[in-house]
Amino acid sequence: MSPSPHTLSVPPPDIVRSAYVDLVVADLARARAFYVDLLGLIVTKETEDAIYLRTFEEFIHHNVVLRQGPQPGAAAFGYRVRTPEDVDRAEAFFAALGCRVKRARDGFVDGIGDAVRVEDPLGFTDEFFYQTDHVDRLTWRYDLHCATPLARLDHINLVTPRVQEGCDFLAALGFRITEDIRDGDGVTYAAWLGRKQTVHDTALTGGDGPRMHHLAFSTYESHHVLALCDRLGALSQTSAIERGPGRHGVSNAFYLYLRDPDGHRVEIYTHDYYTGDPDNPRITWDVTDERRRDWWANPVVPRWYSEASSVLDLDGIPRPLDIREEPREERVVVGADGFTVDTATDQETKIGSQL
């Protein structure tokens, strides 16, 4: 049995934020057309088999790596740590947990220096780094801004069958839960956890995993999200829209979900809120509250719950899925009559006041 991260004498690394995602794509040209030509991300570097992209406010080398590969998947989730010594702490911490660990003194990808990659207790491949090439922050280059300028990589959302265990693990790394979805029996269906002073850097969604549900880019205003919808319509590419535009109850964010050519889900996101005070209160949503996923109670498309990207191990091999044994959020359906139906049992429950 692996030791608990809370009982280790080895300190965890001090994580600053979610910084980048390493994605494998089947067709690099098609992926470039989506992320660069359509979404407007900035190309930092381009090689024959990889493209390094960043957002307008970013000053580190990249927020996304697109790498050509035989099978699409999420190869790694990169977290920036506060000091070079925190890379050493990451290596020692995960080794003490019994996790598989690799270190690359010259980095695993271009633009990143000394880094550690680990297969964490939930089955995700995480990277911890401090050293990075600095690039120009393009905040003031309005001549380069498109109709929907993507400001920064805001968060990643991960699918795991063990949400509460994931919350405990991330808490040991210094993450705080800002919001979650639970039922009257105390089952946690999803949770939002942050290191920076917004709602989240990493979210956990209950389901068969490990898988990546989505990566999310922040833009400035809701009209920027609408402008992207108009652009997709003008280019006859509305098939890329999976869900939205709409407003989440959780996080209060105005959102749009897209699917890239490889099926990776991408959220365009704005208008969450400050969470930086040490006593910031957690908001818990009842799983029967139809406003949790969409404030206007628009239905969630079924594949939003069932489909997600494969996660690769340190050898680039897709991780096998563990099946969620606890109740699933998608089985809780809210009808127009104000009753919820658990589709697994067909039992109806009247909604009460949730907020």
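In strand 4 of this predicted model, Val-64 sits opposite Leu-53. The two strands involved, strand 3 and strand 4, pair in the antiparallel sense, with four bridges between them. On its other pairing, strand 3 (residues 50-54) meets strand 2, again antiparallel and again through four bridges. Here Leu-53 turns up once more, as the bridge partner of Val-43, while Ile-51 faces Glu-46. Three residues separate strand 2 from strand 3, and the two make a hairpin.

Strand 3 is well wrapped. Five of its five residues are buried, so the rest of the structure largely encloses it. In a regular strand, side chains alternate between the two faces of the sheet. In strand 3, Ala-50, Tyr-52 and Arg-54 lie on one side and Ile-51 and Leu-53 on the other, and both sides are covered.

Zooming out, these strands belong to an open, mixed sheet of eight strands, ordered 2-3-4-1-5-8-7-6. Strand 2 (42-46) and strand 6 are its edges, each pairing on one side only. From one strand to the next, the twist averages 25°. Helix 1 packs on this sheet, where it touches strand 1 (15-25), strand 2, strand 3 and strand 4 (64-68), and its direction makes about 160° with that of strand 4. Helix 2 lies across strand 5, strand 6, strand 7 and strand 8, and runs at about 155° to strand 6.

Helix 2 (residues 85-96) has 12 residues, which at 1.5 Å a residue should span 16 Å; its end C-alpha atoms are 17 Å apart, in agreement with that. Its buried residues are Asp-86, Val-87, Ala-90, Phe-93 and Phe-94. These cover an arc of only 125° around the axis, which puts them on the same side of helix 2. The spacing fits a simple rule: an α-helix has 3.6 residues a turn, so residues three or four places apart point the same way. The packing partners of this buried set are strand 5 (73-81), strand 6 (100-104), strand 7 (115-119), strand 8 (125-129) and helix 3 (163-172). After the helix comes Gly-98, with a positive phi near 85°.

Helix 4 (222-234) can be read in a similar way. Its 13 residues should span 18 Å at 1.5 Å a residue, and the 19 Å between its end C-alpha atoms agrees. His-224, Val-225, Leu-228, Cys-229 and Leu-232 are its buried residues. Viewed down the axis of helix 4, they fall within an arc of 150°, so they line one face. The face turned away from that buried side carries the exposed residues Asp-230 and Ala-234. Cover for the buried residues includes helix 1 (28-38), strand 14 (241-247), strand 15 (254-259) and strand 16 (265-270). Ser-236 follows helix 4 and has a positive phi, near 55°.

Just ahead of this helix, the loop between strand 13 (211-218) and helix 4 holds Thr-219. With a relative accessible area of 3%, under the 20% cut-off, Thr-219 counts as buried. Beyond its neighbours within four places in sequence, its contacts include Thr-148, Pro-149, Leu-150 and Ala-151, along with His-224 and Val-225 of helix 4 and Ile-268, Tyr-269 and Thr-270. Thr-219 is also 9.3 Å from Asp-154, C-alpha to C-alpha, though their positions lie 65 residues apart in sequence.

Then there are the charges. Side chains of opposite charge can pair when their charged atoms come close. The count here comes to 35 salt bridges. One of them joins Arg-103 and Glu-91, at 2.6 Å from N to O. This pair links strand 6, home of Arg-103, with helix 2, home of Glu-91. Glu-91 is partly exposed, at 28% relative accessibility.

Another salt bridge pairs Arg-282 with Asp-180, with the closest N and O atoms 3.2 Å apart. Arg-282 is in the loop between strand 16 and strand 17 (283-286) and Asp-180 is in strand 10 (residues 176-182), so the pair ties together parts 102 residues apart in sequence. Arg-282 is partly exposed, with a relative accessible area of 45%, whereas Asp-180 is buried, at 2%.

Asp-208 and Arg-328 form a further salt bridge, with their closest N and O atoms 2.4 Å apart. They sit in two loops, one between strand 12 (202-206) and strand 13 and the other between strand 18 (309-310) and strand 19 (332-334), so this pair ties together parts 120 residues apart in sequence. Both residues, Asp-208 and Arg-328, are buried. Finally, salt bridges with shared partners join Asp-88, Glu-91, Arg-103, Arg-105 and Asp-114 into one network.

How values were computed:
Residues numbered from 1 in each chain as written. Predicted model: local features only at pLDDT ≥ 70, side-chain atom pairs only at ≥ 80, totals over all residues. Heavy atoms only, no water. Buried < 20%, exposed > 50% of the residue type's maximum accessible area, 1.4 Å probe, protein only. Contact = heavy atoms within 4.5 Å. Expected span 1.5 Å × (residues − 1). Arc of directions from axis to C-beta. Pairing = 2+ DSSP bridges. Axes fitted to C-alpha atoms, helices over the stretch in contact; angles between N-to-C directions. Salt bridge = Lys/Arg side-chain N within 4 Å of Asp/Glu carboxyl O.
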